[in-house]
2 protein chains.
Amino acid sequence: MTSLRDRKRERTRRALVEAATELFETRGYDETTVADIAAAAEIGTRTFFSYFASKEEVLFPEADARIAAAVEAVATRTPGETPAEVLVRTLTDLGPAADEMLGRTAALRLRLTATVPAVRGRGLQLQLDAQREIARHLRDAFPDQLDEVSAGALVGAFIGAVTGALQAILDRPGALDGDPAAMREDLKAATKVALRPWTQAE
Amino acid sequence: MTSLRDRKRERTRRALVEAATELFETRGYDETTVADIAAAAEIGTRTFFSYFASKEEVLFPEADARIAAAVEAVATRTPGETPAEVLVRTLTDLGPAADEMLGRTAALRLRLTATVPAVRGRGLQLQLDAQREIARHLRDAFPDQLDEVSAGALVGAFIGAVTGALQAILDRPGALDGDPAAMREDLKAATKVALRPWTQAE
DNA sequence: AGCGTAACTGCATCGAGTGCAGAATTGCAA
DNA sequence: TTGCAATTCTGCACTCGATGCAGTTACGCT
């Protein structure tokens, strides 16, 4: 049951994310202080840190949800699937959810991740955490085919391939000004290329 | 020519790294302030930041060297080698150098990377930078077999596999007391498995 | 209505990091 | 050796992120 307290808290949380997004876009990340964000969301500065542990955190509000989605994809495997196939499927399973991740906030996060060291570091850390979590579940799902080490290697290769492809796309000059829809198409195509070795082998 | 100025600067730099290592080991990372490190190296606190841009940086003094080593491995390829083979070879090429990376500082760095968020973030950022650099060189070395995207994917898979496997190996209980040589064998084996799709395809 | 608990807030404090200006050191030439 | 220019070092003042603490406010429940 969602009490009034919980709903209020959720509303302030959203307000903080929106205020931060707005301020980061107009003023820039470093030029925006936590006090500014708190003031815009009409809470005390001190209270900000009871919602987000750090300034960067406000840019990754639903980090847990993504891990959960990947874990879910592993859980709903069909009997015949290989580990690699399961990983590939997580991408298609994320399709609709990925659309949700292409909003204004996501675009901003992308830009700041490439620009601000602190944000970049935080993003990478979250990625690695997710990576380890997925590897653990994948290993549990295929105890006869994978050990800890090979599971780690496989998931690492998978995420690494996707990230590497994405990075290559974003490194193209003018990538950040381009059309998001077109970029998504490019990413899908690039991902297919990157994963071809797995889908072909065996 | 290395002037007296340069030599002195290099000596102070080394002193800072040693002092920091010593303090981090005894007191812990968070419990050591930059002022402590500077005092131990007998320089002013302010001067620390003219040697290292941040507190974390002192843990990664030779970041550029490793990238150079990988680039070197790519440059010294034999005519028949495939891109994937070159990458695997970087592991064996690094063999002796890797031993050098198993010293006291490296062990400390490993522990802090797993423990302190700031250090972890910085390490990951350096890794990704290296990844991009290697991908660029690999692509330049095999212009007929790789485009930007697939080069990014391949290197991403390689580094991802190594990191993922290494992580899994180090997660094993008692890993830090184990035999380094055996661990290196495990690492190589896991990497080969993860890259098998690439070595087979085409 | 009233009580216990959880959330909010201001305040004081610490440490990282930066800009600035002056002192100290080094390189170089006369 | 001496003098000058350039570089480096250093203290000082300051901003901002983050934390601990204590008092206040708001909510949930009986």
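The exercises below concern a predicted model, and each is followed by a worked solution.

**Exercise 1. Chain A in outline**

State how many helices and strands chain A has, and describe its order along the sequence.

Solution.
- Chain A has 10 helices and zero strands.
- Along the sequence, the pattern reads α-α-α-α-α-α-α-α-α-α.
- Of the 202 residues in chain A, 31% are buried.
- Among contacts in chain A with a separation of 6 or more, 62% join residues 24 or more positions apart.

**Exercise 2. Domains of chain A**

Give the bounds of the domains of chain A, then describe the contact between them.

Solution.
- The domain assignment places residues 4–55 in domain 1 and residues 60–201 in domain 2.
- Five residues from domain 1 and seven residues from domain 2 take part in the contact.
- On the domain 1 side, the residues that touch domain 2 are three nonpolar, one polar and one charged.

**Exercise 3. Helix H8 of chain A against helix H8 of chain B**

Determine how the axes of H8(A) and H8(B) are oriented to each other, and list the residues that make the contact.

Solution.
- Each of the two helices covers residues 117–141 of its chain, and their axes come within 8 Å.
- The axes cross at roughly 90°.
- Angles of 65 to 115 degrees count as roughly perpendicular, so H8(A) is roughly perpendicular to H8(B).
- From H8(A), the contact uses A:Pro117, A:Arg120, A:Gly121, A:Arg122, A:Leu124, A:Gln125 and A:Leu128.
- From H8(B), the contact uses B:Pro117, B:Arg120, B:Gly121, B:Arg122, B:Leu124, B:Gln125 and B:Leu128.
- By class, the residues of this contact are six nonpolar, four polar and four charged.

**Exercise 4. The nonpolar cores**

Find which residues touch the most other members of the largest nonpolar core, and which helix gives the largest share of that core.

Solution.
- The largest nonpolar core has 48 residues.
- A:Val155, B:Phe158 and B:Ala165 touch the most other members.
- Helix H9 (residues 148–171) of chain B supplies the largest share, 14 residues.
- Leaving aside residues up to four places away in sequence, B:Phe158 touches B:Leu87 and B:Leu195.
- A second core, separate from the largest one, has 13 residues, including A:Ala19, A:Ala41, A:Leu59 and A:Leu112.

**Exercise 5. Glu42 in chains A and B**

For A:Glu42 and B:Glu42, give the phi value, the location, and whether the residue is buried or exposed.

Solution.
- Phi of A:Glu42 is near 60°, a positive value in a residue other than glycine.
- A:Glu42 lies in the loop between helix H2 (34–40) and helix H3 (45–51) of chain A.
- A residue is exposed if 12 or fewer other C-beta atoms lie within 10 Å of its own. A:Glu42 has 10 such atoms, so A:Glu42 is exposed.
- B:Glu42 has a positive phi of about 60°, although B:Glu42 is not a glycine.
- B:Glu42 sits in the loop between helix H2 (34–40) and helix H3 (45–51) of chain B.
- B:Glu42 has 10 C-beta neighbours inside 10 Å and therefore counts as exposed.

**Exercise 6. B:Asp179**

Locate B:Asp179 in chain B, and explain why B:Asp179 is classed as buried or exposed.

Solution.
- B:Asp179 is in the loop between H9 and helix H10 (180–200) of chain B.
- B:Asp179 is exposed because 8 other C-beta atoms lie within 10 Å, and the cut-off for exposed is 12 or fewer.
- B:Gly160 is 19 residues from B:Asp179 along the chain, and their C-alpha atoms are separated by 23 Å.

Methods
Residues numbered from 1 in each chain as written. Chains lettered and ligands numbered in written order. Predicted model: local features only at pLDDT ≥ 70, side-chain atom pairs only at ≥ 80, totals over all residues. Axes fitted to C-alpha atoms, helices over the stretch in contact; angles between N-to-C directions. Helix = DSSP H or I, 4+ residues; strand = E, 2+ residues; numbered from the N terminus. Parallel < 35°, antiparallel > 145°, perpendicular 65-115°, else oblique. Contact = placed C-beta atoms within 7 Å. Nonpolar A, V, L, I, M, F, W, Y, C, P; charged D, E, K, R; others polar. Core = buried A, V, L, I, M, F, W, Y, C linked by C-beta atoms within 7 Å. Buried ≥ 20, exposed ≤ 12 C-beta atoms within 10 Å, placed from the backbone. Domains from an automatic or database assignment.
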